[in-house]
Amino acid sequence: MKASFIRTCCGVLALFLGASTLSGCGFSSVMRLSVGACVQIPTSTSAYSLETVSCSRPHQAEVFALPEAAQLESEARRVCEKDFTPYVGSSVEDSALDLIWMTPSRESWERGDRQIVCLAAANGDQTLRGSVRDSAY
């Protein structure tokens, strides 16, 4: 049993930039991501958009939930942990994946962003190939 490392990307600047969610490769506004989107993790704790890739290509994470919450950090952890098991097929504690969540910044919140993005991510420098849905990874 491997304990999963939990990372958070606090204060994500999820400003609406007019980018649409792409089914293939490109960049997508954090506010426009959808469940099942495969992405690369940003190098900083503040991001307007994430690089989206086809899940069949190497990627670092997959969006598995998009809950809305008022008490962002504590709610983000609770909700993302709860939604992880049904999506991946194993608990956060038993998974080889990291759990990451992103929350709106104050500026983004003022623009109406209420969404938390939950990500199931590869550990360290590893990448994922294929969807993690029901993988028990």
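Colleague: What makes C38 and C55 a disulfide?

Modeller: The S to S distance between C38 and C55 is 1.8 Å. A disulfide is a pair of cysteine sulfur atoms within 2.5 Å, so the pair qualifies. Bear in mind that this is a predicted model.

Colleague: Why is the disulfide of C38 and C55 called right-handed or left-handed?

Modeller: Look at the torsion about the S-S bond: it is about 95°, so this disulfide is right-handed.

Colleague: And which parts does the pair tie together?

Modeller: C38 sits in strand β3 (residues 38-39), while C55 belongs to the loop between β4 (49-53) and β5 (61-65), so the linked parts are 17 residues apart in sequence.

Colleague: How do you know whether C38 is buried or exposed?

Modeller: By its relative accessible area, which is 2%. Buried means under 20%, so C38 counts as buried.

Colleague: How many disulfides does a search of the whole structure find?

Modeller: Two. Besides the bond already discussed, C80 is joined to C118, with an S to S distance of 1.9 Å. The cut-off is 2.5 Å, so this pair also meets the definition.

Colleague: What is the handedness of the disulfide of C80 and C118, and why?

Modeller: Here the torsion about the S-S bond is about -75°, so the disulfide is left-handed. C80 lies in helix α1 (residues 72-88) and C118 in strand β7 (residues 117-121), so this bond ties together parts that are 38 residues apart in sequence. Both C80 and C118 are buried.

Colleague: What is the pairing when the bonded cysteines are numbered in sequence order?

Modeller: The pairing is 1-2, 3-4.

Colleague: Now the interior. Which residues of the largest nonpolar core touch the most other members?

Modeller: F64 and F84 do, in a core of 18 residues. Core members must be buried, so F64 and F84 each have under 20% relative accessible area. At least two residues of this core come from each of β5, α1, β6 (98-104) and β7. Helix α1 gives the most, with six residues.

Colleague: What does F64 touch, leaving out residues up to four places away in sequence?

Modeller: Its contacts include both C80 and C118, as well as F84, V35 and L99. There is also a second, separate core of 13 residues, with A37, L50, I100 and V117 among them.

Colleague: In what order do the elements run?

Modeller: From the N terminus on, β-β-β-β-β-α-β-α-β, which comprises two helices and seven strands. Of the 137 residues, 47% count as buried.

Definitions and conventions
Residues numbered from 1 in each chain as written. Predicted model: local features only at pLDDT ≥ 70, side-chain atom pairs only at ≥ 80, totals over all residues. Heavy atoms only, no water. Helix = DSSP H or I, 4+ residues; strand = E, 2+ residues; numbered from the N terminus. Buried < 20%, exposed > 50% of the residue type's maximum accessible area, 1.4 Å probe, protein only. Core = buried A, V, L, I, M, F, W, Y, C linked by side-chain atoms within 4.5 Å. Contact = heavy atoms within 4.5 Å.
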